[in-house]
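Biologist: Could you walk me through this fold, one question at a time? I'm new to reading structures, so plain words are welcome.

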Amino acid sequence: MIKKTFKIPDMTCSNCAMKIESLEDDLDGVKRVDASYHKLQMVIEYDETRLTEEQIIAALKKKGYQAVAV
């Protein structure tokens with residue numbers, strides 16, 4: 001398992017954070033997602049053998065958000 005932080009500059013409210021946290025259900029290999037619209041970031045814990053950083057960014061883009069790994 002690896003824990004990674006992503007900046008998400010276009011997250012504007014708690015509903016955005018909840019939408020982003022739903023990645024936990026959408027992506028195979030995700031253990032936990034914590035999103036904070038106050039910090040404009042997401043911390044995700046995932047199995048790096050089953051999921052790549054690029055796949056996470058692509059899944060966020062499908063939800064309408066840009067993400068940059070920190």
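Biologist: In the hairpin of S2 and S3, which residue takes a positive phi?

Modeller: Keep in mind that this is a predicted model. The hairpin of S2 and S3 has four residues between the strands. The one to look at there has a positive phi near 55°, and that residue is Leu40.

Biologist: Over how many bridges do S2 and S3 pair, and in what sense?

Modeller: Two facing pairs help you see it: Val33 stands opposite Ile44 in S3, and Ser36 is across from Gln41 in S3. The sense is antiparallel, and the number of bridges is six.

Biologist: In what order do the four strands of the open sheet come?

Modeller: Start from the pairs. S3 pairs with S2, and S3 also pairs with S1, antiparallel over six bridges. S1 in turn pairs with S4 over two bridges, again in the antiparallel sense. Put those together and the order of the open sheet is S2-S3-S1-S4.

Biologist: Which strands are the edge strands?

Modeller: Look for strands that pair on one side only. S1 doesn't qualify, as it pairs with S3 and with S4. The edge strands are S2 and S4 (68–69).

Biologist: Which residue in S4 does Phe6 stand opposite?

Modeller: Phe6 has a partner in S3, where it stands opposite Met42. Over in S4, the residue facing Phe6 is Ala69.

Biologist: How many of the six residues of S3 are buried?

Modeller: To count as buried, a residue needs under 20% relative accessible area. S3 is largely enclosed by the rest of the structure, because so many of its residues pass that test: five of the six.

Biologist: Which residues of helix H1 are buried?

Modeller: H1 covers residues 14–21, and the buried ones there are Cys16, Ala17 and Ile20. They span an arc of only 100° around the axis, so they sit on the same side of H1. As a rule, an α-helix has 3.6 residues a turn, so residues three or four places apart point the same way. Asn15 and Met18 are exposed on the other side, so to speak, and the buried set is Cys16, Ala17 and Ile20.

Biologist: What do the buried residues of H1 pack against?

Modeller: Two of the partners are strands, S2 (30–36) and S3 (41–46). The others are helices: H2 (23–26) and H3 (53–62).

Biologist: Which elements give two or more residues to the largest nonpolar core?

Modeller: That core has 20 residues, and Ile8, Ile20, Met42, Ile44, Ile56 and Leu60 have the most contacts inside it. In soluble globular proteins, nonpolar side chains tend to be buried together. Ile8 touches Ile20, Met42 and Leu60, among others. The elements giving two or more residues are H1, S2, S3 and H3.

Biologist: How many disulfides does the structure hold?

Modeller: A disulfide needs two cysteine sulfur atoms within 2.5 Å. For Cys13, the nearest cysteine sulfur is that of Cys16, 3.6 Å away. Neither Cys13 nor Cys16 is in a disulfide, and the total is zero.

Biologist: Is Cys16 buried or exposed?

Modeller: Compare it with Cys13, which counts as partly exposed because its relative accessibility is 28%. The cut-off for buried is under 20%. Cys16 has 9% relative accessibility, so it counts as buried.

Biologist: Which side chain does Lys4 join through a polar contact?

Modeller: Lys4 is found in strand S1 (residues 2–7). Further along the chain, Lys4 touches residues including Met42, Tyr46 and Ala69. The polar contact has a length of 3.3 Å, and the partner is the side chain of Glu53.

Biologist: And Asp34, with which side chain does that one make a polar contact?

Modeller: Asp34 lies in strand S2 and, at 36% relative accessibility, counts as partly exposed. Leaving aside neighbours within four places in sequence, Asp34 is in contact with Glu21, Gln41, Met42 and Val43. The polar contact is 2.8 Å, made with the side chain of Arg32.

Biologist: How far apart in space are Asp34 and Ile20, C-alpha to C-alpha?

Modeller: Ile20 belongs to the buried set of H1, while Asp34 is in S2. They are 14 residues apart in sequence, and the C-alpha distance is 8.4 Å.

Conventions. Residues numbered from 1 in each chain as written. Predicted model: local features only at pLDDT ≥ 70, side-chain atom pairs only at ≥ 80, totals over all residues. Heavy atoms only, no water. Buried < 20%, exposed > 50% of the residue type's maximum accessible area, 1.4 Å probe, protein only. Arc of directions from axis to C-beta. Contact = heavy atoms within 4.5 Å. Pairing = 2+ DSSP bridges. Polar contact = N/O pair within 3.5 Å; in protein donor to acceptor, adjacent residues only side chain to side chain. Core = buried A, V, L, I, M, F, W, Y, C linked by side-chain atoms within 4.5 Å.
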